[in-house]
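Here is a short briefing to read alongside the structure on your screen. Let's begin with the overall picture and then move on to rings, charges and helix packing.

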Amino acid sequence: MIRIGNASGFYGDRATAWQEMLDGGHLDVLTGDYLAELTMLILAKDRMKDPSTGYAKTFLRQLEGFVGTALDRGTKIVTNAGGLNPAGLRKAIETITTAKVAHVTATDAGAYIGATGIAECLKAGADIVVTGRVTDASLVVGPGIAHFGWGPGDLDALAGATVAGHILECGAQATGGNYAFFTELPDLDHPGFPIAELHEDGASVITKHPGTGGAVTVDTVTAQLLYEIGAPEYLGPDVTSHFDTIRLTQQGDDRVAVDGVKGSPPPDTLKIGTPALAGFRNSMTFVLCGLHIEEKAALVERQLRRKIKGDLEFQLARTDHPDADDEQRASALLAVHIKSTDPKVAGRAFSQAAVELALASYPGLTLTGPPGDATPFGIFRAEFVPRDAVHQVAVLPDGTEVEVR
């Protein structure tokens with residue numbers, strides 16, 4: 001059995017989770033997921049400013065605090081914090097630790113590659129493995145391949161590990177976070193992060209460190225299993241996992257067994273996530289107090305549409321209450337949003353136009369903030385390419401490059 005924990009479900013997750021997981025009990029591997037679609041856009045923007053970046057900088061700061069503990073306890077670190085520049089993050093890591101670092105890259109940084117590169121790095125003795133855009137579950141599947149020696153034909157084992165990885169990938173969502181029935185759980189103030197006890201046949205037990213908050217139940221695990229899931233055939237670069245074959249069993253307090261998972265060959269294509277700049281946006285929020293809330297909102301809309309020739313959206317939130325005994329409970333909020341391909345139109349031209357209504361609109365006009373500049377926003381497109389078009393390379397601790405499939 002190999003014991004794999006998770007300490008990050010997104011870029012910005014609990015900064016202390018890495019140390020908490022290391023201090024909470026034995027782990028063979030500790031993983032961290034940082035890459036959502038929004039994160040890739042943020043990292044692309046960072047790299048446009050500085051080509052040496054493009055990775056999750058928070059991981060580097062966190063690592064400084066816990067890397068010594070991980071090395072002392074023999075816990076391997078596997079993370080996709082490399083983002084668009086795993087080689088750059090590896091280089092930065094090597095300036096703060098003598099740990100053996102390896103990284104995985106691909107000919108197309110936007111492709112969702114699989115777990116074999118991670119496995120090669122671990123088999124070569126890496127203490128820390130940094131990847132770019134791999135599937136979230138690969139952070140667990142890779143250590144499973146390295147530990148048990150699974151090959152491409154071990155489809156059920158790979159599928160079981162993929163399911164375990166999917167449960168772990170979003171951190172505390174598996175232990176009660178974002179859970180619809182959260183009121184039924186004990187001590188959700190500071191939920192623990194999940195752990196998978198992964199076995200050679202791909203079966204696992206999901207648990208958490210003793211004494212940590214939240215809970216691991218069939219229901220909390222089910223909620224995470226259904227997160228971002230469409231068809232029962234869960235396509236991945238290593239295996240197609242059949243989610244309609246998963247069997248969950250409560251083994252005891254905070255212990256859920258996951259078994260029965262069937263796998264079939266992976267598709268012939270890989271998914272590529274392509275971030276792109278879509279334009280610029282801004283928003284201003286008006287406070288509407290007292291009587292005639294609808295009329296006040298309508299006046300603001302007419303006035304701004306005369307001034308601004310952009311894509312405007314008006315959202316009135318009726319947070320006001322009749323016969324309120326204070327100003328806050330007597331107020332509604334009118335949020336005005338703008339999108340434009342022109343940063344000037346969405347910027348000060350828009351926000352200043354809102355401010356200029358202060359003495360020329362409804363009585364008591366108040367804004368929740370000062371005028372500001374526009375901010376860029378992106379879109380994320382999914383495309384598919386033949387598997388053979390993407391070459392995955394594991395760069396081992398000694399610098400040797402190994403091309404893997």
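Among contacts in the protein between residues at least 6 apart in sequence, 71% join residues at least 24 apart. Please keep in mind as you browse that this is a predicted model. One example of a link between distant parts of the chain is an aromatic pair, Trp18 with Phe66, whose members are 48 residues apart.

**Overall build**

- The secondary structure comes to 11 helices and 19 strands.
- Taken along the principal axes, the box filled by the C-alpha atoms is roughly 75 × 45 × 40 Å.
- Of the 405 residues in the protein, 50% are buried.

**Aromatic pairs**

- The count of aromatic pairs comes to eight.
- One of them is formed by Trp18 and Phe66, which are stacked at 4.8 Å centre to centre, with 5° between the planes.
- This pair links helix α1 (residues 17-24), where Trp18 sits, to helix α3 (residues 57-73), home of Phe66.
- Both Trp18 and Phe66 are buried.
- Phe148 and Trp150 make another stacked pair, at 5.2 Å centre to centre and with 25° between the planes.
- Phe148 counts as buried because its relative accessibility is 16%, under the 20% cut-off.
- Trp150 is buried too, with a relative accessible area of 8%.
- If you would like a group to highlight, ring pairs link Tyr11, Trp18, Tyr34, Phe59 and Phe66 into a cluster.

**Charges over rings**

- Lys271 has its charged end over the ring of Tyr112, at 5.3 Å from the ring centre.
- Over the face of Phe377 lies Lys339, 5.1 Å from the centre of that ring.

**How α1 packs on α3**

- Two packed helices are described by the angle between their axes and by the distance between those axes.
- For α1 and α3, the angle is about 10° and the axes are 9 Å apart.
- α1 is therefore roughly parallel to α3, since angles under 35 degrees count that way.
- On the α1 side, the residues in contact are Trp18, Gln19, Leu22 and Asp23.
- They meet Phe59, Gln62, Gly65, Phe66, Thr69, Ala70 and Arg73 of α3.
- By type, the residues of this contact divide into five nonpolar, four polar and two charged.
- The contact includes Trp18, Phe59 and Phe66, and these residues also belong to the ring cluster.

Definitions and conventions. Residues are numbered from 1 along each chain as its sequence is written. This is a predicted model: local features need pLDDT of at least 70, side-chain atom pairs count only at pLDDT 80 or more; totals for chains, interfaces and linings use all residues. Side-chain values use heavy atoms; hydrogens and water are left out. Rings of Phe, Tyr and Trp (its six-membered ring) pair if their centres lie within 6.5 Å; planes under 30 degrees apart count as stacked, over 60 as edge-to-face and the rest as tilted. Helices (H or I, at least four residues) and strands (E, at least two) are DSSP runs, numbered from the N terminus. Buried means under 20% relative accessible area, exposed over 50%, partly exposed in between (1.4 Å probe, protein chains only). A charge sits over a ring if NZ of Lys or CZ of Arg is within 6 Å of the ring centre and within 35 degrees of the ring normal. Axes are lines fitted to C-alpha atoms, for helices over the stretch in contact, and angles run from 0 to 180 degrees between N-to-C directions. Angles under 35 degrees count as roughly parallel, over 145 as roughly antiparallel, 65 to 115 as roughly perpendicular and the rest as oblique. Contact means heavy atoms within 4.5 Å. Ala, Val, Leu, Ile, Met, Phe, Trp, Tyr, Cys and Pro count as nonpolar, Asp, Glu, Lys and Arg as charged, and the others, Gly among them, as polar.
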